[in-house]
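The following exercises concern helix packing, burial and salt bridges in a predicted model. Each task is followed by a solution in steps.

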Amino acid sequence: MSDESAKNVIINGDCVDVMNQLPAKSVDLIFADPPYNLQLQGELIRPDNSLVNGVKEGWDKFHDFKEYDRFTSGWLKAAQRVLKDTGTLWVIGSYHNIYRIGKMLQDMGFWILNDIVWAKSNPMPNFRGTRFTNAHETMIWCSKAPKSRYTFNYEAMKSLNDGTQMRSDWNLPICTGAERLKNDDGGKFHPTQKPESLLYRVILSSSKPGDVVLDPFFGTGTTGAVAKKLGRFYVGIEKDTSYIAGARARLSNVEMVENRAALDVVQKAEPRIPFGSVLERGLLAPGEILFDSRRKFAATVRADGTLITAEHKGSIHQVGAMVQGMPACNGWTFWHYQRRKQLIPIDMLRQRIRADMETAVKKPRAG
């Protein structure tokens, strides 16, 4: 299977078999919501004698812990093979399984970055009253090795949290209302459908637009829906054809966001580079022509670092906005210069200047 054919696709089959057919090191992020092995004993009854619609499907039943461990080891090894060295893996579980999975991850060489507590703001009550109400689930987030260079959009998560550093305890509701897929009789289509708010944080925090997100237990397609909304590609693997049908219907109503301006997230502040620095360093010359990526607009570079067209003049940002009839524009990414018939974003010149500045700072002074 080629890289291009494995984008925004749901594959029917066993997740280990399918992952072993995918190209090695081909996905940027994995979110796994495996069976929890809940070991349920009989039916759960409410005080009014009504039956609780819990997890009773065969995919959550294992003969013993050894069988569950073999199952877990199998899909984790397949996931490790398909994950890029710069990628990360998220696994969600409950007290029934998450500690066993955590040990296996460490034994396999994964490096645990965080354990995230999903504190459910509206958990299911404990009807038997024999234990504390189970009001949270745990996610383990890990890289492939201790020194892996992975994606973490720290500033974006801080912005999402009203400017405050985001903590490892996430207070979010369970999946309810219109988001919950239903059967024809009004019951839950899938007993463990995760809320999009949870996947929003997972995908936004640890991937970039255009990345490929793999979910080996795709279910109703929450991972795919959020990936599309955030401009990422998804690969879903699912054995149950009825779940696949529900996921496909759901995803057909989700638009893939392609506007990079909308998808860009806040990064750590970098040194501000005036466009005039490009001219001072001789990277561009007065009189050169800049174009947008489609050559629809053109502007001339002036000696003072401003641009001019037949109708407009001003900074790279002002002229970029004016030619498009827009209120604002990032001139660094909008304008391109031409070299050997190829258009190159002027932002490449800005990055070159920043790299030179960093090198100058790191270089030891003589004497």
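**Exercise 1.** Determine the handedness with which α5 passes α6, and classify the angle between the two helices.

*Solution.* Step 1: the crossing of α5 past α6 is right-handed. Step 2: the axes of α5 (residues 196–206) and α6 (residues 222–229) come within 9 Å and cross at roughly 55 degrees. Step 3: α5 is therefore oblique to α6. Step 4: on the α5 side, the contact is made by Glu196, Leu199, Tyr200 and Ile203; α6 contributes Thr222, Thr223, Ala225, Val226, Ala227 and Lys229. Step 5: sorted by class, this contact has six nonpolar, two polar and two charged residues.

**Exercise 2.** Find the salt-bridge partner of glutamate 196, and decide whether the two residues are buried or exposed.

*Solution.* Step 1: the side chain of glutamate 196 meets that of arginine 250 in a salt bridge, at 3.0 Å from N to O. Step 2: glutamate 196 lies in helix α5 and arginine 250 in helix α7 (residues 241–251), so the salt bridge ties together parts that are 54 residues apart in sequence. Step 3: glutamate 196 and arginine 250 are both buried.

**Exercise 3.** Locate the salt bridge between aspartate 85 and lysine 25, and assess the accessibility of each partner.

*Solution.* Step 1: the structure holds twelve salt bridges, one of them between aspartate 85 and lysine 25, whose closest N and O atoms are 3.2 Å apart. Step 2: aspartate 85 belongs to strand β3 (residues 83–93), whereas lysine 25 is in the loop between α1 (15–19) and β2 (27–32); the pair links distant parts of the chain, 60 residues apart. Step 3: the relative accessible area of aspartate 85 is 40%, which means that aspartate 85 is partly exposed. Step 4: lysine 25, at 46% relative accessibility, is likewise partly exposed.

**Exercise 4.** Which elements are tied together by the salt bridge of aspartate 69 and arginine 100?

*Solution.* Step 1: the side chains of these two residues meet at 2.8 Å, N to O. Step 2: aspartate 69 lies in helix α2 (residues 65–82) and arginine 100 in helix α3 (residues 98–107), so parts 31 residues apart in sequence are tied together. Step 3: arginine 100 has a relative accessible area of 30% and is partly exposed.

**Exercise 5.** Identify the buried residues of α10 and the elements against which they pack.

*Solution.* Step 1: in α10 (residues 316–324), Ile316, Val319, Gly320, Ala321 and Val323 are buried. Step 2: these residues pack against β10 (298–301), β11 (307–308), β12 (313–314) and α11 (331–334). Step 3: after α10 comes glycine 325, with a positive phi near 70 degrees.

Technical notes: Residues are numbered from 1 along each chain as its sequence is written. This is a predicted model: local features need pLDDT of at least 70, side-chain atom pairs count only at pLDDT 80 or more; totals for chains, interfaces and linings use all residues. Side-chain values use heavy atoms; hydrogens and water are left out. Axes are lines fitted to C-alpha atoms, for helices over the stretch in contact, and angles run from 0 to 180 degrees between N-to-C directions. Helices (H or I, at least four residues) and strands (E, at least two) are DSSP runs, numbered from the N terminus. Angles under 35 degrees count as roughly parallel, over 145 as roughly antiparallel, 65 to 115 as roughly perpendicular and the rest as oblique. A crossing is left-handed if the near helix is turned anticlockwise from the far one by less than a right angle, and right-handed if clockwise. Contact means heavy atoms within 4.5 Å. Ala, Val, Leu, Ile, Met, Phe, Trp, Tyr, Cys and Pro count as nonpolar, Asp, Glu, Lys and Arg as charged, and the others, Gly among them, as polar. Buried means under 20% relative accessible area, exposed over 50%, partly exposed in between (1.4 Å probe, protein chains only). A salt bridge is a side-chain nitrogen of Lys or Arg within 4 Å of a carboxyl oxygen of Asp or Glu.
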